[in-house]
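Good morning, colleagues. Today I shall speak about the empty spaces in one protein model, and then about its cysteines.

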Amino acid sequence: MSFRFSLHGTDDGARRGQFETPHGVVQTPAFMPVGTQGAVKAALHRDVAEAGADIILGNTYHLFLRPGDELIARRGGLHRFIGWPHPVLTDSGGYQVFSLAARCVIREDGADFQSHLDGARHVLTPERAVDIQARLGSDIAMVLDECLAYPTTREDAAASMERSVRWARRCRERLAVLRSAAPPEVTVSNAGQAQFGIVQGGAFQDLRNESADATVDIGFEGYAIGGLSVGEPTGEMYAITGDTAARLPANQPRYLMGAGTPQDLVECVARGIDMFDCVMPTRNARNGQLFTSEGRINIKNARYAEDDRPLDPACACYTCRSHSRAYLRHLYLSGEMTAGALNTLHNLTFYLDTMRQIRDAIAFRTFETFRQGFLRSASRLSLDS
Ligand SMILES: [Zn+2]
C-alpha cells in the first residue's frame, strides 16, 4: 500500500499532517477543488496547481456516464487522461445519482437510476462503484453510501445509516478482491488506490457514533463524514462534525464532504477535520460572488463600476495583480468567459491561501489566534449583502 498518513502535530483540536499517495504528497488540512468532469470549471490544471492545490476531486457519476470509465482506463487512467499528474480523489457517484439522475430507486442491492444525459438505465451497486473507481485509478476512492435529504426522521436516518454500513462492507470486500486478483473485466489503473469509509446518521449523534464505530470496524485508509452541509443549521453541522471526528482514529485522515464556506473550513479544522471539498469557490466565482480578506464581494454591484482597486489587495493571484474591480465587473456584465476564469482563479487562490495559513498557524501553535482574527474579518463585512 502506498497510502500513508502522518500527523505532524496538533494545536488544540486542529491537526497538521500529510498523506502520501502514488501521485504525490498532500499537506493537511487540505482543500480539494472540485473537478467534476475531469476539469476544475473555468481553470487550467496548471493554474489550479500553482494556486496551491495538492489534490483535486473527480465525480464518478459524471465520468462514468461520459466519457466512461472503461474508455478512461484504456487511456491509462484518469491522471493520464486529464493530464493532472498529482493526487485525485473520486467520490462514489452516489451523491449525484441521488441528486441528479432521473427516477432513482434505492434497493438493498444498489441504486437503480436513469442517466440525466440520455435516459439510459444503470444500476450502481457498491461493487460497481468500486470497479468504476478502480478503472478511473484515483488515489482515494470513496465507498458508496446513501445520502438522505435534510431533515429526516430518526427511523429513516437509522435505516439508511445501517444500509450504508452494509454497503461499505461490500465495497471493502470488493476492493480486497481487486487487490488480490482483479477479474479481467476490471482494469485496475492505480494499484495503490486507498479507500475511505463514510460516516452517516443524519443529525442524530448516537446514530453517527454507531456509524463511525461500525465503519472503523470494517477498516479503511481514512474516514469521511457525509450527509452534512445539506441544509442543517451551521451550529448543528459544527457540533456533529466535532463529536464525530473525535470518535475517528487519530492516526488516519478525516474528510468532511461537501463543506463549505471559508468560515466552515476554519471552524471544522478546529474540530479535527483534515480534508475538505466544495464547489463554492468555483461556482460562486462564475456567479460573480468573490471571497476576499475583507469579506465577500458581488462584482455585479454598481459600486464597483469605477473602482480601480484590485479585488483583494491582500491576494497575490494573477487576477488581483493584473486587474481592477471595474474591469472584472465589466467582463462579468459583458458575459465574457474570461470573467469566469479570472474570478475562479481568485476564489481558488483565496481558499487555498486560507488552508496554507491554517496549516502554518497549527504548526506554530497559533491556530486559535488565527481563527479569532479570521472570523472577525469574515463577519465584519459581507460587503454587498
Ligand atoms: Zn486574487
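By a pocket I mean an open set of grid points with protein on both sides within 12 Å along at least five of seven lines, whereas a cavity is a set of points where a 1.4 Å probe fits but cannot get out. Please bear in mind that the model before you is predicted.

Let me begin with the largest pocket. The space in this pocket amounts to about 980 Å³. Its lining consists of 40 residues, and those closest to the centre are Tyr95, Gln96, Gly258, Asp277 and Val279. Two or more lining residues are contributed by α5 (94–99) and likewise by α11 (280–286). In chemical character, the lining of the largest pocket comprises 19 nonpolar residues, 15 polar ones and six charged ones.

I turn now to the enclosed spaces. How many cavities of 30 Å³ or more does a search of the whole structure find? The search returns three.

The largest cavity holds about 120 Å³ of space. Around this cavity stand 17 lining residues, and nearest its centre are Leu148, Thr152, Gly201, Gly202 and Gly227. Of the residues lining the largest cavity, nine are nonpolar, six are polar and two are charged.

The second largest cavity has a volume of about 50 Å³. Its lining includes Val26, Gln27, Ala30, Phe31, Gly52 and Ala53, and further along the chain Asp54, Ile55, Leu352, Met355 and Arg359 also belong to it. The elements giving two or more residues to this lining are β3 (24–28), β4 (30–32) and α14 (337–363). Of these, α14 supplies the largest share, namely three residues. The lining of the second largest cavity divides into seven nonpolar, two polar and two charged residues.

Finally, the cysteines. The structure contains zero disulfides. Why does cysteine 104 not form such a bond? The closest cysteine sulfur to that of cysteine 104 belongs to cysteine 147 and lies 9.9 Å away, which is too far for a bond; a disulfide would require the two sulfur atoms to be within 2.5 Å. Seen from the other side, the sulfur of cysteine 147 has that of cysteine 104 as its closest cysteine sulfur, again at 9.9 Å and too far for a bond. As for solvent exposure, cysteine 104 is partly exposed, with a relative accessible area of 26%.

Thank you for your attention.

Notes. Residues numbered from 1 in each chain as written. Predicted model: local features only at pLDDT ≥ 70, side-chain atom pairs only at ≥ 80, totals over all residues. Heavy atoms only, no water. Buried < 20%, exposed > 50% of the residue type's maximum accessible area, 1.4 Å probe, protein only. 1 Å grid on protein atoms, 1.4 Å probe; cavity = no way out; pocket = protein on both sides within 12 Å on 5 of 7 lines; lining within 4 Å. Points joined across faces, edges and corners; volume = space filled by probe spheres on them. Helix = DSSP H or I, 4+ residues; strand = E, 2+ residues; numbered from the N terminus. Nonpolar A, V, L, I, M, F, W, Y, C, P; charged D, E, K, R; others polar.
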